[in-house]
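Got your viewer open? Let's take a walk through this model, one selection at a time.

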Amino acid sequence: MRSERFFIETFGCQMNVHDSEKISGLLVHRGMTPVSTPEEADLFLLNTCSVREKAAQKVYSRLGQMKERKRKEDNFRIGVVGCVAQQEGERMLKRAPFLDLVVGTHLYHSLPDLLDELDSKDSDHDPSRRVRTEFLADSIPVEVEPVLRSSRFRAQITIMEGCNKRCTFCIVPFTRGKERNRPAETILAEVRRAADLGFVEIVLLGQTVNSYRDPRRPRFRFAELLAQVARVDGIRRIRFTSPHPREFNDDAIALMAQEPRICSQVHLPVQSGSNPILKRMRRQYTRERYLEIVEKFRRWNPDYAFSTDVIVGFPGETEDDFQQTMSLLEAVRYESMFSFKYSPRPYTDAEHWTDDRTDLEKTSRLMQLQRRQKEIQLELHRDRYLGREFEVLVEGPARDGVNIFGRTPTNKVVNFPGQDPPGSFVRVHITGIGANSLLGTRIGPETSH
């Protein structure tokens with residue numbers, strides 16, 4: 001029996017969120033209806049991420065919660081898509097034999113056809129019909145035209161998929177495959193369609209987004225793409241994630257610092273401040289090169305904002321290595337940071353190395369790191385934001401249920417009183433600070449170009 005109502009639960013990064021938007025668009029195009037809770041759905045899809053510790057266990061735990069309903073309702077279907085599906089493959093059917101579909105990262109676009117096949121054939125005893133995790137040979141990602149975007153003002157657009165870097169701790173090359181770039185003309189066409197529909201912010205997505213090059217014009221690189229996107233009428237803000245420090249060149253840095261539509265914030269994952277650890281991680285840059293990139297941005301704009309990722313307790317990390325990371329915080333002064341204790345990921349080089357830092361050591365280092373980062377954020381909020389005015393892009397109601405919230409060009413969350421709809425641009429005076437967000441007062445009407 002054909003599933004008519006679907007619900008997608010998404011774990012992981014912005015790439016996964018956007019993949020869910022694409023899947024939703026495909027299913028709606030098939031004639032299905034999205035619903036707001038799993039309980040309403042005939043089809044439950046779990047879109048998964050395998051980057052963090054115990055990712056697979058989290059997926060199996062969630063599937064276990066759905067198992068009883070599956071046993072009771074013959075017409076209820078469950079599928080797993082994304083990185084954990086790619087990682088586990090047929091093993092997933094052995095652990096969760098009640099699953100109807102396991103679909104990897106290259107084949108989510110085939111979901112409507114796979115569902116049609118389930119409707120027309122008895123595939124319960126044929127794993128080849130239920131598990132699809134092969135990588136496509138084509139070097140260009142498959143285009144997906146119908147996208148059901150979750151935001152009415154921000155359009156996420158994939159420009160490339162996969163990664164060639166093979167950092168020793170990272171599973172992404174295994175779950176997402178090698179780099180595949182979309183042609184610039186199709187990216188720009190999608191940007192123009194988004195602008196015509198009223199989207200005011202574009203977020204360009206890729207595993208190593210700034211390694212982009214047009215497959216049809218190899219000299220057309222990331223900086224050229226950014227410049228072209230910035231020329232599209234109606235687009236007022238441009239962001240991207242996640243770049244790799246090694247792939248930034250002077251042209252891209254100068255453009256990002258000078259083009260007003262490109263937000264003055266970049267996520268610049270460092271992972272460690274120690275050269276020996278960076279080498280063991282195979283990050284392809286040194287501490288000195290990383291700081292040189294930061295300096296180049298700030299030479300153009302002293303208030304340029306940086307966020308980062310840090311792993312503590314990587315195999316071989318000494319106390320001196322960790323202190324090098326702590327000193328990097330002082331040198332860069334990040335506006336936000338995602339930090340984690342190292343845990344081995346399957347299919348990575350580091351999986352086979354001795355994990356020689358105890359959990360107690362890792363926890364202690366992580367707490368030191370996060371405590372100092374919180375202090376730095378408060379200092380930056382006081383010195384760079386308090387008492388100043390910023391243009392804020394309104395996103396919706398704040399968590400307190402009283403205010404609304406939006407973001408500055410530096411990606412800083414600001415809560416303030418008002419009734420401006422999502423997608424509005426307003427001037428806000430910053431009156432208060434917290435560790436992770438700011439308070440403000442609306443001081444002007446909606447701004448225009």
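Begin inside, with the largest cavity: by class, three nonpolar, four polar and two charged residues make up its lining. Keep in mind as you go that this is a predicted model.

**Stop 1: the largest cavity**

To see the walls, select Asp19, Ile23, Asn47, Val81, Gly82, Gly104, Thr105, Tyr108 and Arg176, which line the largest cavity. Now colour helix H1 (14–30) and strand S4 (77–82), the elements that give two or more residues to this lining. The space they help enclose has a volume of about 50 Å³. How many cavities of 30 Å³ or more does a search of the whole structure find? The count is two, so there is another one to visit.

**Stop 2: the second largest cavity**

Keep Thr105 and Tyr108 selected, since both appear in this lining too. Then add His106, His109, Pro141, Val142, Glu161 and Arg180 to complete the lining of the second largest cavity. About 40 Å³ of space lies in there. Sorted by class, its lining has three nonpolar, three polar and two charged residues.

**Stop 3: a cis peptide bond**

Jump along the chain and show Thr241 and Ser242 as sticks. A cis peptide bond joins these two, with omega at about -10°. Ser242 sits in the loop between strand S13 (237–241) and helix H10 (250–258).

**Stop 4: two glutamines with positive phi**

Next, pick Gln271, in the loop between strand S14 (265–267) and helix H11 (275–281). Its phi is near 75°, a positive value in a residue that isn't glycine. Is Gln271 buried or exposed? Gln271 counts as buried because its relative accessibility is 8%, and the cut-off for buried is under 20%.

Now move on to Gln284, which you'll find in the loop between H11 and helix H12 (287–300). Gln284 isn't a glycine either, yet it has a positive phi of about 70°. With 35% relative accessibility, Gln284 counts as partly exposed.

**Stop 5: a patch on the surface**

Finish on the outside: switch on the surface and select Leu378, Leu386 and Ile433. Together they make a nonpolar surface patch of about 210 Å². Zoom in on Ile433, which belongs to strand S20 (residues 425–433). Ile433 is partly exposed, with a relative accessible area of 34%. That value lets Ile433 count towards the patch, because patch residues need over 30% relative accessible area.

Methods: Residues are numbered from 1 along each chain as its sequence is written. This is a predicted model: local features need pLDDT of at least 70, side-chain atom pairs count only at pLDDT 80 or more; totals for chains, interfaces and linings use all residues. Side-chain values use heavy atoms; hydrogens and water are left out. Patches are made of residues with over 30% relative accessible area and no salt bridge: like charges are joined within 9 Å, nonpolar side chains (Val, Leu, Ile, Met, Phe, Trp, Tyr) within 5 Å. Accessible areas come from the Shrake-Rupley method with a 1.4 Å probe; for residues, only the protein chains shown count as cover. A salt bridge is a side-chain nitrogen of Lys or Arg within 4 Å of a carboxyl oxygen of Asp or Glu. Helices (H or I, at least four residues) and strands (E, at least two) are DSSP runs, numbered from the N terminus. Buried means under 20% relative accessible area, exposed over 50%, partly exposed in between (1.4 Å probe, protein chains only). On a 1 Å grid over the protein atoms alone, a cavity is a set of points where a 1.4 Å probe fits but cannot get out, and a pocket is an open set with protein on both sides within 12 Å along at least five of seven lines; lining residues have an atom within 4 Å of a point. Grid points are joined across faces, edges and corners, and a volume is the space filled by probe spheres set on the points. Ala, Val, Leu, Ile, Met, Phe, Trp, Tyr, Cys and Pro count as nonpolar, Asp, Glu, Lys and Arg as charged, and the others, Gly among them, as polar.
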